[in-house]
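Visitor: Please take one part of this model and go through it closely. I want the contacts, the exposure and the surroundings in one connected account.

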Amino acid sequence: MSNITPKRILIILGHPSSDSFCAALAEAYAATARSAGHSVRELRLGQLDFDQNLHEGYRQVQPLEPDLLAAQEAISWAEHLVFAYPIWWGGAPALLKGFVDRIFLPGFAFKYRPGKAFPAQLLKGRTAQLLVAMDTPPWYFRWVYHMPGIHQLRKTTLEFCGVKPVKVASFGPMIDSTAAQRARWLEQAQALARRL
């Protein structure tokens with residue numbers, strides 16, 4: 001019997017398709033976490049109904065659709081956030097970026113403070129894991145491109161809002177990968193879930 005402390009885990013699939021390798025990574029992580037005794041919820045962004053555009057920025061309140069209200073509730077519930085998404089053109093898919101724009105709002109994820117350079121972090125106490133698939137070799141994405149699609153979510157979104165630590169696992173290159181390679185990557189995602 002394991003000595004784990006059960007955690008509340010929210011897994012967010014940032015790939016629009018539920019029939020993608022990112023979905024397989026999310027499913028492998030979820031199944032392993034559940035079998036280890038953790039409470040797991042899942043959000044598949046491609047199945048949510050919401051406007052991805054924050055039309056007026058923060059100049060006026062844009063009402064949240066029911067799916068986004070439920071997503072905020074799930075983030076509030078969670079102790080550990082897992083994002084499974086691909087790198088497209090160096091960044092996260094528009095769907096994931098739109099999701100972040102719409103729900104990581106002032107008053108929920110952070111709060112501006114008069115006279116302070118940085119806002120209060122309202123998502124403190126949570127940790128995160130990024131499961132990132134890419135066609136670029138991960139070493140090249142890190143050392144040559146400097147990981148913009150990872151830094152944006154890790155540093156300037158999650159850590160900015162108080163989520164720490166944010167760990168990253170990169171998988172690729174996906175293009176021309178073999179079934180054996182993909183099986184190994186799924187095993188790595190399972191191993192990460194076992195180490196919670």
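Guide: Asp101 and Lys97 form a salt bridge, with the closest N and O atoms 2.8 Å apart. This is a predicted model, and the distance is computed from it. Both residues lie in helix H3, four residues apart, about one turn of the helix. An α-helix has 3.6 residues a turn, so residues three or four places apart point the same way. Side chains of opposite charge can pair when their charged atoms come close.

Now the exposure of the pair. Asp101 has a relative accessible area of 25%, so it counts as partly exposed. Lys97 is partly exposed too, at 33%. Neither value is under 20%, the cut-off for buried.

The helix around them is another matter. H3 spans residues 94–103 and is mostly covered. Seven of its 10 residues are buried. They are Leu95, Leu96, Gly98, Phe99, Val100, Arg102 and Ile103. What do these buried residues pack against? Two helices take part: H2 (66–77) and H5 (148–159). So do three strands: S1 (8–13), S2 (39–44) and S3 (80–86).

Just ahead of H3 comes a loop from S3, and Trp89 sits there. Its phi is near 55 degrees, a positive value in a residue other than glycine. Trp89 is exposed, with 92% relative accessible area.

One of H3's packing partners, S1, also holds a charged residue in a salt bridge. Arg8 pairs with Glu79 at 3.9 Å, N to O. Arg8 is in strand S1 and Glu79 in the loop between H2 and S3, so the bridge ties together parts 71 residues apart in sequence. Glu79 is partly exposed at 29%. Arg8 is partly exposed at 34%.

H5, another partner of H3, has loops to look at on either side. The loop between helix H4 (138–143) and H5 holds His146. Phi of His146 is near 65 degrees, again positive in a residue other than glycine. His146 counts as exposed, at 51% relative accessibility. The loop between H5 and strand S7 (166–171) holds Pro165. A cis peptide bond joins Lys164 to Pro165, with omega about -10 degrees.

Back to the charged pairs. The count comes to seven salt bridges. Among them is Arg59 with Glu56, at 2.9 Å, N to O. Arg59 is exposed at 70%, whereas Glu56 is partly exposed at 32%.

Conventions. Residues are numbered from 1 along each chain as its sequence is written. This is a predicted model: local features need pLDDT of at least 70, side-chain atom pairs count only at pLDDT 80 or more; totals for chains, interfaces and linings use all residues. Side-chain values use heavy atoms; hydrogens and water are left out. Buried means under 20% relative accessible area, exposed over 50%, partly exposed in between (1.4 Å probe, protein chains only). Contact means heavy atoms within 4.5 Å. A salt bridge is a side-chain nitrogen of Lys or Arg within 4 Å of a carboxyl oxygen of Asp or Glu.
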